[in-house]
Amino acid sequence: MAGMALAGTAHAVELESVQASRLGARYIIELAMVIDTPESFARTILQNPDRVVGVNDELVDVQHLPANEVGVRRFRDHTIACVWLFCVDYHNTIRMRVLDNGDIRLMVEPEKSKFEYGEFIWKIQGLGVERTQLTFYAETNPGFWVPSTGILQSRMKKGLQRMAIRMECEYRGDRVCAQARWVDSTQQ
């Protein structure tokens, strides 16, 4: 099992797997990791777009929108994602629903978004009192140029790992941890 740990702290995010592929115009990312927070804490953050903005440095802002369906939350996100010197600044309108099995499903509304298609699913499974497995699935067709799947995989891996570390830090109330340097042992 590959892992990543914060230098000088007890926090650790264990990366179990990450894969990126392309099917026609669609990009597919699958990532699984284990974090040191209770399932309920991880679920509380991932179900609240405002909380996700606080732990994901690529998300700049969310604007809540009216939803016409029970159990659906709508919002418009503002994201700035960079790979090396290439950055893309975009907005998507998202419909979020918590499924009966507890998974969190986010769907892009293409007519009001920069993505022509987007589906994101978070699976959250408790592994004891203070450990949680997060599985992330994304299938997207961005309306802009995307670098190779290898670069996309690397960017997504690092971005989601940073997000998981910040979730752990927030759970522990560790402000220093949130600023800490992390070491990705999968690159060693």
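The protein chain holds 4 helices and 10 strands, where helices (H or I, at least four residues) and strands (E, at least two) are DSSP runs numbered from the N terminus. This is a predicted model, in which local features need pLDDT of at least 70 and side-chain atom pairs count only at pLDDT 80 or more, while totals for chains, interfaces and linings use all residues. Residues are numbered from 1 along each chain as its sequence is written, and side-chain values use heavy atoms, with hydrogens and water left out. Going along the sequence, the elements come in the pattern β-β-β-α-α-β-β-β-β-β-β-α-α-β.

As for the chain overall, 45% of its 188 residues are buried. Here, buried means under 20% relative accessible area, exposed means over 50%, and partly exposed covers what lies in between (1.4 Å probe, protein chains only). The accessible surface adds up to about 9600 Å², and carbon and sulfur atoms own 51% of that; these areas come from the Shrake-Rupley method with a 1.4 Å probe, and for residues only the protein chains shown count as cover. Contacts (heavy atoms within 4.5 Å) tell a further part of the story: among those with a separation of 6 or more, 51% are between residues 24 or more positions apart.

Strand S6 (residues 86-98) is home to Thr93. Thr93 has a relative accessible area of 2%, so it counts as buried. A polar atom of the Thr93 side chain lies 3.1 Å from the backbone oxygen of Lys112. Beyond its neighbours within four places in sequence, Thr93 is in contact with a list of residues including Leu65, Met107, Val108 and Ser113. Arg74 and Glu109 are also among the contacts of Thr93, and these two form a salt bridge with their closest N and O atoms 2.8 Å apart. That pair links distant parts of the chain, with Arg74 in strand S5 (residues 72-83) and Glu109 in the loop between strand S7 (104-108) and strand S8 (115-126), 35 residues apart. Both Arg74 and Glu109 are buried.

Arg74 turns up again next to Gln63, which is found in strand S4 (residues 59-65). Gln63 touches Arg74, Phe75 and Arg76, leaving out residues up to four places away in sequence. The C-alpha atoms of Gln63 and Arg74 are 8.7 Å apart, with their positions 11 residues apart along the chain. With a relative accessibility of 46%, Gln63 counts as partly exposed.

Salt bridges, meaning a side-chain nitrogen of Lys or Arg within 4 Å of a carboxyl oxygen of Asp or Glu, come to 14 by this rule. One of them joins Arg43 to Glu39, with the closest N and O atoms 3.0 Å apart. Arg43 and Glu39 are 4 residues apart in helix H1 (residues 39-46), so about one helical turn separates them. Arg43 is buried, at a relative accessible area of 17%, whereas Glu39 is partly exposed at 30%. Another salt bridge pairs Arg51 with Glu170, where the closest N and O atoms are 2.4 Å apart. Because Arg51 lies in helix H2 (residues 49-55) and Glu170 in helix H3 (residues 149-172), the pair ties together parts that are 119 residues apart in sequence. Arg51 is partly exposed at 26% relative accessibility, and Glu170 is partly exposed at 36%.

Next comes Glu139, in strand S9 (residues 132-142). Its relative accessibility of 14% makes Glu139 buried. The side chain of Glu139 makes polar contacts (pairs of N or O atoms within 3.5 Å; within protein, one must be able to donate a hydrogen and the other to accept it, and residues adjacent in sequence count only if both atoms are side-chain atoms). One is with the side chain of Arg26, at 3.0 Å, and another is with the side chain of Tyr137, at 2.5 Å. Not counting residues up to four places away in sequence, Glu139 touches Arg26, Tyr27, Ile28, Tyr117, Gly118 and Glu119.

Two of those residues also meet each other: the charged end of Arg26 sits over the ring of Tyr117, 3.6 Å from its centre. For this label, NZ of Lys or CZ of Arg must be within 6 Å of the ring centre and within 35 degrees of the ring normal. Rings also pair with rings, giving 6 aromatic pairs; rings of Phe, Tyr and Trp (its six-membered ring) pair if their centres lie within 6.5 Å, and planes under 30 degrees apart count as stacked, over 60 as edge-to-face and the rest as tilted. Tyr90, Phe115 and Phe144 are linked by ring pairs into a cluster.
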